Amino acid sequence: MDTDFHMVFDETKKHINPDREIRIGNDCWIGNHSFVQKGTVLGNMMVLASNSMVNSSIEENNVILAGSPASIVRK
């Protein structure tokens, strides 16, 4: 999801949690019960293991990601 479904403002009324696009490359497999956080960019031909969470961009191609937070476990 690319949103938190609610707005959060600081003491100066500045919106501090804006929505951010998620971009997933071509030919990617995302395992069940996995989370891809807002603002994430994923490369092409990658596999995200089940029960993993991606909270930062991993733009490398042809990799397997696993864990929470997800990291590259195989190239």
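Val41 is found in strand E4, which spans residues 41-42. In this predicted model, Val41 has a relative accessible area of 12% and is therefore classed as buried, the limit being under 20%. Leaving aside residues up to four places away in sequence, Val41 touches Arg23, Ser57, Ile58 and Glu59. A further relation links Val41 to Glu21: the two are 20 residues apart in sequence, and their C-alpha atoms are 8.5 Å apart in space.

**Overall composition**

The protein contains eight strands and zero helices, so that its elements, read from the N terminus on, run β-β-β-β-β-β-β-β. Along the principal axes, the C-alpha atoms fill a box of roughly 45 × 20 × 15 Å. Of the 75 residues in the protein, 24% are buried. The exposed area of the protein is about 5,300 Å², and carbon and sulfur atoms supply 51% of that area. Among contacts between residues at least 6 apart in sequence, 5% join residues at least 24 apart.

**The four-stranded sheet**

Four strands form an open sheet in the order E2-E5-E7-E8, with mixed pairing. Its edge strands are E2 (29-30) and E8, each of which pairs on one side only. Strand E5 (residues 47-48) and strand E7 (residues 64-67) run parallel and are joined by two bridges. Within this pair, Leu48 stands opposite Leu65 of E7.

The pairing of E7 with E8 is antiparallel and extends over four bridges. Here Leu65 has Ile72 of E8 as its bridge partner. Leu65 thus takes part in two pairings, with Leu48 opposite and with Ile72 as bridge partner in E8. E7 and E8 form a hairpin, with two residues between them. Pro69 is found in the loop between these two strands, and the peptide bond that joins Ser68 and Pro69 is cis, with omega about 5 degrees.

**The nonpolar core**

Which residues make up the largest nonpolar core? This core has 10 residues, namely Cys28, Val36, Leu42, Met46, Leu48, Val54, Ile58, Val63, Leu65 and Ala70. In soluble globular proteins, nonpolar side chains tend to be buried together. Leu48 belongs to this core and also stands opposite Leu65 in the sheet. Not counting residues up to four places away in sequence, Leu48 touches Trp29, Ile30, Gly31, Ser34, Val36, Val54, Leu65 and Ala70. Ile58, another member of the core, is among the residues that Val41 touches.

**Backbone exceptions in loops**

Most residues other than glycine have a negative phi, and most peptide bonds are trans. The cis bond between Ser68 and Pro69 has been described above. Two residues with positive phi are set out below.

| Residue | Phi | Location | Relative accessibility |
|---|---|---|---|
| His33 | about 60 degrees | loop between E2 and strand E3 (35-36) | 60% |
| Asn51 | near 60 degrees | loop between E5 and strand E6 (53-54) | 55% |

Neither His33 nor Asn51 is a glycine. Are these residues buried or exposed? His33 counts as exposed because its relative accessibility of 60% lies over the 50% limit. Asn51, at 55%, counts as exposed because it also lies over 50%.

**A nonpolar patch on the surface**

Where do nonpolar side chains make a surface patch? Trp29, Val47, Ile64 and Val73 make one of about 390 Å². Val73 is placed in strand E8, which covers residues 70-74. Its relative accessibility is 53%, over the 50% limit, and therefore Val73 counts as exposed. The other patch residues can also be placed in the sheet: Trp29 falls within the range of E2 (29-30), whereas Val47 falls within E5 (residues 47-48) and Ile64 within E7 (residues 64-67).

In a regular strand the side chains alternate between the two faces of the sheet. In E5, Val47 contributes to the surface patch, whereas Leu48 belongs to the largest nonpolar core. In E7, Ile64 contributes to the patch, and Leu65 belongs to the core. In E8, Val73 is part of the patch, while Ala70 is part of the core.

Terms used. Residues are numbered from 1 along each chain as its sequence is written. This is a predicted model: local features need pLDDT of at least 70, side-chain atom pairs count only at pLDDT 80 or more; totals for chains, interfaces and linings use all residues. Side-chain values use heavy atoms; hydrogens and water are left out. Patches are made of residues with over 30% relative accessible area and no salt bridge: like charges are joined within 9 Å, nonpolar side chains (Val, Leu, Ile, Met, Phe, Trp, Tyr) within 5 Å. Accessible areas come from the Shrake-Rupley method with a 1.4 Å probe; for residues, only the protein chains shown count as cover. A salt bridge is a side-chain nitrogen of Lys or Arg within 4 Å of a carboxyl oxygen of Asp or Glu. Buried means under 20% relative accessible area, exposed over 50%, partly exposed in between (1.4 Å probe, protein chains only). Two strands pair if DSSP finds at least two bridges between them. A nonpolar core is a set of buried Ala, Val, Leu, Ile, Met, Phe, Trp, Tyr and Cys residues joined through side-chain atoms within 4.5 Å. Contact means heavy atoms within 4.5 Å.
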